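User: I've got a chain here and I'd like to know what stands behind the labels people put on it. Can you take me through a few?

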Amino acid sequence: MQGRAGQGSGFRPGRCRAVSLAFLLALALASAPVPAGVALPTAERVRILEPARPVGDFELTGQDGQPFRFASLAGRPVLVAFGFTSCPDICPTILGNLKMLRSVHGEALAETAVVFISVDGARDTPERLAAFLGHYSPEFIGLTGTSDEVQRVASRFRAVFYPERPDPATGHYNVAHSVQVFAVDRRGRLRAEYHNASLDAMATVTRALVSESP
């Protein structure tokens with residue numbers, strides 16, 4: 001059984017554009033699943049993946065400029081979001097919600113890691129990523145890399161992104177990207193996707209991941 005997924009926010013001129021949920025769901029159907037174990041609770045705007053999908057290990061550059069391996073988070077539930085520091089609206093909203101989630105439910109979710117992966121490695125240096133995430137939480141983990149490196153990582157989550165055409169006058173550009181938050185369990189398996197879900201909905205499913213044995 002799976003919770004109802006929210007509708008994608010679509011493309012909006014002049015704003016950070018979200019990749020359509022319908023396209024992401026079509027990609028997910030082509031994935032190779034593995035048994036998920038205990039069923040997660042359903043919640044509004046949360047898509048439960050049954051069976052779960054293994055994410056596997058990967059390496060990108062951390063906000064401290066050092067290599068960071070995803071496997072270093074093994075044994076902890078992880079919430080993963082893709083975005084970029086120049087995003088005018090969607091990314092700040094997502095990170096603000098994750099900050100609030102940790103603030104309101106911090107004790108129950110203390111083991112949970114939050115990872116923000118930049119889809120704009122050309123502009124998002126480790127220093128810029130660190131400064132950006134510093135507005136939300138010193139505990140958030142920022143990762144960046146080349147477009148090819150991040151594309152390979154995104155494919156593990158069935159996430160997509162692409163830069164839009166730069167403004168001819170300013171050279172500024174946005175990056176269209178998947179906007180859901182991906183919930184990974186202690187065993188490194190993708191178990192749920194939060195599609196603009198409420199704090200209570202995210203907390204309910206994330207607490208269930210925390211309660212599972214490694």
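User: What makes a residue count as buried here, and how much of the chain does?

Analyst: Buried means under 20% relative accessible area, with exposed over 50% and partly exposed in between (1.4 Å probe, protein chains only). By that cut-off, 50% of the 214 residues are buried. Keep in mind that this is a predicted model, where local features need pLDDT of at least 70, side-chain atom pairs count only at pLDDT 80 or more, and totals for chains, interfaces and linings use all residues. Numbering runs from 1 along each chain as its sequence is written, and side-chain values use heavy atoms, leaving out hydrogens and water.

User: Why is arginine 53 said to have no salt bridge?

Analyst: A salt bridge needs a side-chain nitrogen of Lys or Arg within 4 Å of a carboxyl oxygen of Asp or Glu. The nearest side chain of opposite charge, glutamate 193, is 4.2 Å away from arginine 53, so the label doesn't apply, even though arginine 53 is buried.

User: What makes its link to phenylalanine 157 a polar contact?

Analyst: The pair must be N or O atoms within 3.5 Å, one able to donate a hydrogen and the other to accept it. Here the backbone oxygen of phenylalanine 157 is 3.4 Å from a polar side-chain atom of arginine 53, so the pair makes the cut.

User: How do you know the length of helix H5 fits expectation?

Analyst: The expected span is 1.5 Å times one less than the number of residues. H5 (residues 199–211) has 13 residues and reaches 18 Å from first C-alpha to last, close to the 18 Å expected. Its buried residues include Ala201, Val205 and Leu209.

Note on methods
Lys, Arg positive; Asp, Glu negative; His and termini not counted. Helix = DSSP H or I, 4+ residues; strand = E, 2+ residues; numbered from the N terminus.
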